Amino acid sequence: MARQPKTEMSALPFLPKKRVTLATLADAARACRGCPLYARATQTVFGAGPASARVILVGEQPGNDEDLRGAPFVGPAGRVLDKALAAAHIDRRETYVTNVVKHFNWVATTGSRRLHKKPSSREVSACLPWLEEEIVLIKPDVVVLLGATAAQAILGRDFRVTKDRGKLLATRFGARALATVHPSSILRQRTHEDRARETERFVADLAVVAKLIHRRAA
Ligand code: URA
């Protein structure tokens, strides 16, 4: 049965109708006008990584660097993520990295700086079909939800990362989900000690994922 958009704004009419692969999906997403965010973004930032990935990592939305380069998690938060993945013995090149929202949402500040603006729940719902299709196509063992926006998009509005981070949970996709903090929350920590402690907790959450995928691969 054809899916119907749940909101008046939706990416659904822009999804390819047949022969859906990650490549055709990414191509179609470049033309998405399912919500107003495309208008102010430089480009669509679709997911990146192999279709054979056992792990999908999901952030909130591209930031300034990602918007300019057209790839997810390539800025400061991406560097925190890279280090934590390496510490948890997960090879980023074997993961698929994406975001719930595929366009950069920003507000102007002084000068030419563009400040990240959290996407609204309507924008998240409108963009969600892209992520759902990425998960359906890849069929990963685990979807890692980085921060509250990603966690609530997949696990429901009542989900609290602070309460249930680091746990392997069931999803409607068959894949398990594990929610943890967004790497940018580590960048926002005030002191070196706080950053070190939060990095350690982030790596511990990712290590749960590493254990699962390495056990399955053995
Ligand atoms: N923050 C995100 O949530 N995603 C990115 O790709 C970059 C920063």
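Biologist: In this predicted model, which residues point one way from S2, and which point the other way?

Modeller: Thr-95, Val-97 and Asn-99 point one way from S2, while Tyr-96 and Thr-98 point the other way, and all of them are buried.

Biologist: What makes strand S2 largely enclosed by the rest of the structure?

Modeller: A residue is called buried when its relative accessible area is under 20%, and 5 of the 5 residues of S2, residues 95-99, are buried, so the strand is largely enclosed by the rest of the structure.

Biologist: Why are S1 and S2 said to pair?

Modeller: Two strands pair if there are at least two bridges between them, and since 5 bridges join S1, residues 55-59, to S2, the two strands, which run parallel, pair by that rule. One of the bridge partners is Thr-98 in S2, which is matched with Val-58.

Biologist: What makes the approach of Asn-99 to the ligand a polar contact?

Modeller: A polar contact is a pair of N or O atoms within 3.5 Å, and an N or O atom in the side chain of Asn-99 is 2.7 Å from a nitrogen atom of the ligand, so this pair counts as one. By the same cut-off, the 2.9 Å between a nitrogen atom of the ligand and a polar backbone atom of Gln-61 qualifies, as does the 2.9 Å between an oxygen atom of the ligand and a polar backbone atom of Phe-73.

Biologist: How much of the ligand does the protein bury, and where does the ligand sit?

Modeller: Taken alone the ligand exposes 240 Å², of which the protein buries 92%, and the ligand sits in the largest pocket.

Technical notes: Residues numbered from 1 in each chain as written. Predicted model: local features only at pLDDT ≥ 70, side-chain atom pairs only at ≥ 80, totals over all residues. Heavy atoms only, no water. Buried < 20%, exposed > 50% of the residue type's maximum accessible area, 1.4 Å probe, protein only. Helix = DSSP H or I, 4+ residues; strand = E, 2+ residues; numbered from the N terminus. Polar contact = N/O pair within 3.5 Å; in protein donor to acceptor, adjacent residues only side chain to side chain. Areas by Shrake-Rupley, 256 points an atom, 1.4 Å probe, with all protein chains shown as cover. 1 Å grid on protein atoms, 1.4 Å probe; cavity = no way out; pocket = protein on both sides within 12 Å on 5 of 7 lines; lining within 4 Å. Sits in = over half its atoms within 2 Å of the grid points.
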